Amino acid sequence: GYPILAENSYQSFLNNIPHLFKNGELLLETLSDIEFYINESNESEIKNNIQRAISVLKRVTLTAAVTAPSDLWLLRQIFSTYRQLNIESFFSLQNHFNCDDLASFLKVESEVLNYDLNFLTSRGYLTKDNDQYSVNNKKIFTQFNSLDEFTPRNMIYHIVEYFVGNCDQPDLVENFFSYNSLDEHPHNWMATYEDIQIGFRILPLVLATRYLEVQDKFKKGVEIGSIAIKLSKSMRILLSKAGVLSENDRTISELGERIFTRGPGPYGIIHAYHGYLSNHDKLLKGNTEDIWVARGENVSASQDANSKSFKQINDALDSFCEEYRYQYTTFIEHAVGQGEATRQRFERSGEESIQYFGADLEDSAIEKAKENQKANKLPGNMKFVHNADIGKPEILIQGICKTHNGNLDSAVMVVGNGFHEVRNQDNEKMVKVFKGYVSANLILIFTEESGLTNEDLLATGWNTYHAGFRYVHDLSGQGLRPAIDNEEKPGARFSWKKCAELGGYKILEKFTTRTRKVYPHPKKDGYNPAISVNYFCVPSSLYEKLIS
């Protein structure tokens with residue numbers, strides 16, 4: 001249902017047309033001009049084809065504004081670490097290298113270094129052939145100074161305080177938004193020094209507006225001065241370079257609206273790993289002690305990102321119940337966050353006939369849900385299961401059945417991007433996890449983003465934010481899985497679908513929903529996974545009863 005291009009046209013676009021930030025805003029203006037001209041044409045077939053192509057390119061450009069900054073924020077910090085480790089000395093001696101050779105030279109551990117090299121490969125700075133790497137852009141490794149100890153990786157609090165005129169370190173904020181600019185002429189989709197510098201700063205700035213709940217005021221055509229936050233001169237310059245401001249630098253552009261209204265979800269998910277980036281050099285040297293994701297921040301960001309998926313899930317659940325005349329009496333949200341799936345269900349169904357449960361490993365997430373319950377956004381009868389590791393089904397099952405005297409005979413469980421958080425997972429472990437939930441006869445509806453390869457990510461440019469998403473989850477020991485199984489690769493990770501089916505679930509395709517495809521063009525081999533999938537899973541034994 002989405003517009004598409006021919007594959008060679010899309011690759012030509014990636015290889016020849018820069019479309020980040022200011023270049024993206026200029027491209028959108030150019031495409032609008034072409035669209036206006038084409039609309040004057042009387043040749044309807046040509047007009048329709050060109051309008052479809054313009055629609056794709058606009059979508060890709062607007063998507064890049066949302067997906068690129070989180071990767072750029074990561075890249076700035078990674079390049080800082082490697083400048084500190086003097087990686088350029090190694091590159092001056094080597095044109096080709098493997099991970100172990102570089103690890104030995106830098107005196108770091110191979111495991112985390114491998115994650116870094118994988119990420120840099122997916123963003124085009126390295127090329128990998130078997131286990132050998134070559135550098136495509138040595139200059140980028142020397143352009144950035146090391147970030148000093150006085151530059152916090154989490155700048156959001158300081159920016160918020162500056163916005164409201166209550167900052168006790170205004171120089172810290174003003175200096176953060178100032179940097180040595182370079183006159184560069186990008187020629188393709190890959191990020192330049194200037195792009196990385198902008199992305200590193202625009203991400204926390206956007207998240208600060210989300211914290212103050214003013215991000216929705218950044219609408220196209222709105223005067224920047226009318227938005228009730230204090231902007232420094234360097235912030236305004238940044239917004240202009242980022243393409244947030246239109247040509248007169250006074251009003252919000254189309255690209256700017258997209259960045260501020262759609263960016264907080266993906267930006268926040270990646271930024272929640274700032275503890276890992278603050279300790280990037282320690283991680284490389286094998287020290288992982290006391291480094292964690294900022295769970296509270298991650299909860300809020302995940303709610304922003306998952307709201308649409310939960311609506312699809314609740315729609316599918318209603319359709320399933322209507323078609324099979326199925327009634328459930330228990331609704332469980334695991335990896336509960338702020339309880340967005342439950343909020344939507346409560347809004348539709350009330351609480352007279354449904355007992356609600358929320359479960360999470362982290363108390364900080366449950367506390368967020370309880371705050372929403374006190375504000376009457378979640379059902380009053382909702383109970384919570386603490387310390388519920390999603391990889392240990394028995395904790396949830398015992399918590400509901402024993403602690404809360406719950407009944408799981410007719411229960412539905414919704415999980416929004418929670419299963420990838422199972423640590424140290426292999427295929428056997430994930431199958432066992434699903435078997436545990438099948439044993440409780442739970443209907444399971446879960447969302448997971450697709451794990452993409454370097455080849456996918458390179459061939460789609462900035463069409464997803466999965467390069468950084470995969471990277472931070474690798475750092476923290478979590479595991480993404482592909483949407484489609486690779487039967488030709490021995491030992492490959494099973495897809496989520498295969499894990500669930502081997503665990504005893506029947507995947508109902510009719511009620512399984514998907515977001516857009518990764519590639520905005522038809523692939524010759526037919527491979528084109530969805531960005532994320534809402535898997536609708538019914539225990540096989542229950543399914544047989546329903547259809548009999």
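Colleague: Which residue stands opposite Val-414 in strand 7, and what makes strand 4 a partner of strand 7?

Modeller: Glu-333 is the residue opposite Val-414. Two strands pair if DSSP finds at least two bridges between them, and strand 4 (residues 330-334) shares 5 bridges with strand 7, so they count as paired, in the parallel sense. This is a predicted model, where local features need pLDDT of at least 70, side-chain atom pairs count only at pLDDT 80 or more, and totals for chains, interfaces and linings use all residues. Residues are numbered from 1 along each chain as its sequence is written, and side-chain values use heavy atoms, with hydrogens and water left out.

Colleague: Which other strand does strand 7 run parallel to, and over how many bridges?

Modeller: Strand 8 (residues 443-449) is joined to strand 7 by 5 bridges. Within strand 8, Thr-447 is the bridge partner of Gly-416. As for the labels, strands (E, at least two residues) and helices (H or I, at least four) are DSSP runs, numbered from the N terminus.

Colleague: Why is strand 7 called mostly covered?

Modeller: Strand 7 spans residues 411-416, and 6 of its 6 residues are buried. Buried means under 20% relative accessible area, exposed over 50%, and partly exposed in between (1.4 Å probe, protein chains only). Ala-411, Met-413 and Val-415 point one way, Val-412, Val-414 and Gly-416 the other, and all are buried. That fits the general rule that side chains in a regular strand alternate between the two faces of the sheet.

Colleague: What makes helix 21 mostly covered as well?

Modeller: In helix 21 (residues 466-475), 9 of the 10 residues are buried, including Phe-469, Arg-470, Tyr-471 and His-473. Just after this helix, Gly-477 takes a positive phi of about 80°.

Colleague: Why are strand 1 and strand 2 placed at the edges of their sheet?

Modeller: That open sheet has 3 strands in the order 1-3-2, with antiparallel pairing. Strand 1 (96-97) and strand 2 each have a single partner strand, so one side of each is left without a neighbour in the sheet. Strand 2 meets strand 3 over 4 bridges, and Asp-129 has Gln-132 in strand 3 as its bridge partner.

Colleague: What is notable about the phi of Asn-130?

Modeller: Most residues other than glycine have a negative phi. Asn-130 has a positive one, near 55°, and sits in the loop between strand 2 (126-129) and strand 3 (132-135). With a relative accessible area of 70%, Asn-130 is over the 50% cut-off, so it is exposed. Asn-86 also has a positive phi, about 65°, in the loop between helix 3 (44-84) and helix 4 (87-93). At 33%, Asn-86 is partly exposed.

Colleague: How do you know whether Thr-61 is buried or exposed?

Modeller: Thr-61, in helix 3, has 0% relative accessibility, so it counts as buried.

Colleague: What makes Asp-318 and Arg-345 a salt bridge?

Modeller: A salt bridge is a side-chain nitrogen of Lys or Arg within 4 Å of a carboxyl oxygen of Asp or Glu. For Asp-318 and Arg-345 the N to O distance is 3.0 Å, so the pair qualifies. Asp-318 lies in helix 15 (residues 295-324) and Arg-345 in helix 16 (residues 340-349), so the pair ties together parts 27 residues apart in sequence. Arg-345 is buried at 1%, whereas Asp-318 is partly exposed at 30%. Both belong to a salt-bridge network with Lys-311, Asp-315 and Arg-348.

Colleague: How many salt bridges does the whole structure hold?

Modeller: The search finds 14. Among them is Arg-343 with Glu-347, at 3.2 Å; being 4 residues apart in helix 16, they are separated by about one helical turn. Arg-343 is partly exposed at 26%, while Glu-347 is exposed at 63%. Lys-497 and Glu-501 meet at 2.9 Å, also 4 residues apart, in helix 22 (residues 496-502).

Colleague: Which residues form the negative surface patch?

Modeller: Asp-100, Asp-101, Asp-129 and Asp-131 form it. Patches take residues with over 30% relative accessible area and no salt bridge, with like charges joined within 9 Å; Asp and Glu count as negative. Asp-101, in helix 5 (residues 99-106), has 43% relative accessibility, so it passes the 30% cut-off.

Conventions. Patch = residues over 30% accessible without salt bridge, like charges linked within 9 Å, V, L, I, M, F, W, Y side chains within 5 Å. Areas by Shrake-Rupley, 256 points an atom, 1.4 Å probe, with all protein chains shown as cover. Charge placed at Lys NZ, Arg CZ, Asp CG, Glu CD.
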